[in-house]
There are 2 protein chains.
Amino acid sequence: MRAKLSDVAKKAGVSPTTVSRVINNYGYISDKTRNKVHEAMKELNYQPNSLARSLHGKKTNLVGLIFPGVSNPFFGELVEEIENKLFEDGYKVILCNAAYNKEKERSYLRMLLANQVDGIIAGAHNLGIDEYQEFGLPIVSFDRSLSENVPIVSSDNYKGGVIATQELYDAGCRHIYFVGNPVQKGNPTDHRLSGYRDTIKKLGLTLHIHPVSFSETPMLKIMAIKQLLSEHKADGIVCTDDLTALLVIQAAQELGINIPEQLKITGFDGTKFIQQYHPELSTVVQPTKDIAALLVKLLERRIAHPDEDLKQKSYILPIRFIKSKTISDN
Amino acid sequence: MRAKLSDVAKKAGVSPTTVSRVINNYGYISDKTRNKVHEAMKELNYQPNSLARSLHGKKTNLVGLIFPGVSNPFFGELVEEIENKLFEDGYKVILCNAAYNKEKERSYLRMLLANQVDGIIAGAHNLGIDEYQEFGLPIVSFDRSLSENVPIVSSDNYKGGVIATQELYDAGCRHIYFVGNPVQKGNPTDHRLSGYRDTIKKLGLTLHIHPVSFSETPMLKIMAIKQLLSEHKADGIVCTDDLTALLVIQAAQELGINIPEQLKITGFDGTKFIQQYHPELSTVVQPTKDIAALLVKLLERRIAHPDEDLKQKSYILPIRFIKSKTISDN
DNA sequence: TTGTATGCGTTATCAA
DNA sequence: TTGATAACGCATACAA
């Protein structure tokens, strides 16, 4: 059995209250007793029980992270950054891989509630607004509008779409296709698409939108892409994400299409992984670190002042573009 | 304020005990009261407080996951699988990214203890045996020996090293190099290296071991690899992991070395990510899903019977080899 | 079939 | 500067 507070008290020859005071640096204690207590704690290898502590209305210092998963490098990196930041501030993370499953996400929400988490960072969005509404819990969201009083952090998806399209145009493309996640109301991808759409129109070109679902297997995706490449005469492709872009590159190579001479490609996300292991890919870089930092900062503010009105509901962080070999050779 | 058990009792016109009985399906209750209670719970949107519940000596259903991080696709996928399995069994996961930092790992251990987790799955290994020793907690480990009574799960790293080397030999390589993490006692990489070493000797070839540290930036790694490729006449390279293999491919391409004609390459890990987005890479596939399942199963058994002697300390799961275009063209 | 009383390990209130 | 005591929300032994 693990040592408890009263054991420490007994060993140190003081009252439980005094031990609690030492632990929490609360009220007045003489150095002598403080030392005695510290010694006893060492000897017994004492660890305060967070559960009992939290039961008393203190914070749990637990934060729930609801994301689709961590096997996708983008979410892996984002979750890792968030975890790091939270750790620095004394929070622990309960990881919830909601996949793309409404039921699981709902179940997770209930669980987090039962575990008295101090707050939630939501990056998976299978559920509607109402489900998140009824929680009296501090919540911040990544990349999607959940509810009136939930702040949203995202990167400038629209501008990303604009820049990617424009870069292809500037590099000489006149048949620019958009390949990626199908449109779905409220999805951040939509803004990337809007950016593409508006730019294409502004440039006087023709829209070519090819939905390729996220949930499809890469095998199916690559077949769809090959079909696209062989049946259409695209000279530039704006991809909704880097992984799709990798598939496009792969498909092009298999078809003997030269990149960037015959076909130029842009991705989206710009994870460290992509930057390091696919430096050839031109892509829109999301500021993962800043996103993580802001999410955490907003959540902590919300935890500290739950009733404070939101000064700002939406935070859009700037993206940057990496121009590389899938656009230009030099 | 959230509704508590006594609120439900009041609303339903019964005693708290009865409500508790309904929640836990304990003892006898009439259908009528059961319904009343359920109704009251619905109305108040009641969620039992896990903390209070666990304080009573019940399990927390919390499991700590200590891994280097989740941005590396291999760990990302493994953690995701583990989380899925644990979720199915009603456990929640506290995610601990220990990076390669002793202090952080130690700090996490204390934290997990304070949070009364039911058990720990350890996949980061900065700390020595003794630090894990003093925990009276069920622990299972991935890929490294921690302590006498901690079961270890790993894939057959040795055989992986053997197979990779042999495959290169069979494909015609006679100057086979080993590139990867430097030797470090207790590291699983060591077994991959041993497999390489033994096979090279058996084949009567010369050993060529080139340590490239994990912690180095890919930039530095790639420079080291380029140097290796230009100064030595390697015709086959066994890499400790797929990411290193990607860098070797990249370096070879930049140097105009033809794969697989002039140089053949094998990786290690075989994540879904690599299989999908780099199908050209020949690699040793670790059975991520089985590893996750076994880790969870062993932990649960340990939680259920903490004092049971270990039937088996070490579990080595079979790997398989994917032979692809970095070895042979057809 | 249901209710009362007590305790889990800690913190907060009050008194000494 | 310290200690006794009552909570926190729930589950269990015991009684009814």
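In the predicted model, α2(A) provides four residues of the surface near DNA strand C, the largest share from any element. Helices α2 (16-24) and α4 (50-55) of chain A, together with α2 (16-24) of chain B, each supply at least two residues of this surface. By residue class, the surface near DNA strand C divides into eight nonpolar, 11 polar and five charged residues.

Of the 24 residues around DNA strand C, those that come nearest are A:Lys4, A:Leu5, B:Thr17, B:Thr18 and B:His56. Among the atoms of DNA strand C that come within 4 Å of the protein, 58% belong to sugar and phosphate. Contacts to phosphate oxygens of this strand involve residues of chain A and chain B. A polar side-chain atom of A:Ser20 lies 2.9 Å from a phosphate oxygen, and an N or O atom in the side chain of B:Thr33 is 2.9 Å from a phosphate oxygen of DNA strand C. For A:Asn49, by contrast, a backbone N or O atom is placed 3.0 Å from a phosphate oxygen of DNA strand C.

Chain A also contains an open sheet of six strands with mixed pairing, arranged in the order β7-β6-β8-β9-β10-β12. Strands β7 (209-211) and β12 (320-322) form the edges, each pairing on one side only. From one strand to the next, the twist averages 20 degrees. Within this sheet, β6 (residues 176-180) and β8 (residues 236-239) of chain A run parallel and are joined by four bridges. A:Val179 has A:Cys239 as its bridge partner in β8(A).

How values were computed:
Residues are numbered from 1 along each chain as its sequence is written. Chains are lettered from A and ligands numbered from 1 in the order in which they are written. This is a predicted model: local features need pLDDT of at least 70, side-chain atom pairs count only at pLDDT 80 or more; totals for chains, interfaces and linings use all residues. Side-chain values use heavy atoms; hydrogens and water are left out. Two strands pair if DSSP finds at least two bridges between them. Axes are lines fitted to C-alpha atoms, for helices over the stretch in contact, and angles run from 0 to 180 degrees between N-to-C directions. A residue is near a molecule or strand if one of its heavy atoms lies within 4 Å of it. A polar contact is a pair of N or O atoms within 3.5 Å; within protein, one must be able to donate a hydrogen and the other to accept it, and residues adjacent in sequence count only if both atoms are side-chain atoms. Ala, Val, Leu, Ile, Met, Phe, Trp, Tyr, Cys and Pro count as nonpolar, Asp, Glu, Lys and Arg as charged, and the others, Gly among them, as polar.
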